[in-house]
Amino acid sequence: MKRPLHSDSSLRYRRIMLVDPNNPFFDRLWVRLLCVLAPLGWAAVEFSNAENFWGGCFAAAGLYLAYALFWVRGRDRS
């Protein structure tokens, strides 16, 4: 979701994110992969134990991180 910084429509819009994908912490590929694969791996553990709620929560977190760290990061870099 985009929110204007000011009422003037000529100003840039900013995206409200839970994770700042342009933080220097995420510059290394292995850090981004680990941050995505860890919750997805834990989701697999939860699904294998028939804990569908927690599996869904961790899967959603992993998918959100994949979106933020690979899709949004690539578009926002200038």
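This report describes the surroundings of Pro21 and Arg73 and the largest nonpolar core in a predicted model.

## Pro21 in its loop

Pro21 sits in the loop that runs between strand 2 (13–15) and helix 1 (29–48). Its relative accessibility is 4%, so Pro21 counts as buried, the cut-off for that class being under 20%.

When residues up to four places away in sequence are set aside, Pro21 touches Phe26, Ala68, Leu69, Val72 and Arg73. For one of these partners, Leu69, the separation from Pro21 is 48 residues in sequence, while the C-alpha to C-alpha distance between the two is 5.2 Å.

## Arg73 on helix 2

Arg73 belongs to helix 2, which spans residues 52–76, and with a relative accessible area of 6% this arginine is buried. The side chain of Arg73 reaches the backbone oxygen of Phe26 at a distance of 3.5 Å.

Beyond residues up to four places away in sequence, Arg73 touches Pro21, Asn22, Asn23, Phe26, Asp27, Arg32 and Ala68. The contact with Pro21 thus appears in the list for Arg73, just as Arg73 appears in the list for Pro21.

## The largest nonpolar core

The largest nonpolar core consists of 6 residues, namely Val19, Phe26, Val31, Val36, Leu65 and Leu69. Helix 1 and helix 2 are the elements that give two or more residues to this core.

Val36, a member of the core, is in contact with Gly62, Leu65, Ala66, Leu69 and Phe70 once its neighbours within four places in sequence are left aside. Two residues of the core, Phe26 and Leu69, are also among the residues that Pro21 touches.

Technical notes: Residues numbered from 1 in each chain as written. Predicted model: local features only at pLDDT ≥ 70, side-chain atom pairs only at ≥ 80, totals over all residues. Heavy atoms only, no water. Helix = DSSP H or I, 4+ residues; strand = E, 2+ residues; numbered from the N terminus. Buried < 20%, exposed > 50% of the residue type's maximum accessible area, 1.4 Å probe, protein only. Contact = heavy atoms within 4.5 Å. Polar contact = N/O pair within 3.5 Å; in protein donor to acceptor, adjacent residues only side chain to side chain. Core = buried A, V, L, I, M, F, W, Y, C linked by side-chain atoms within 4.5 Å.
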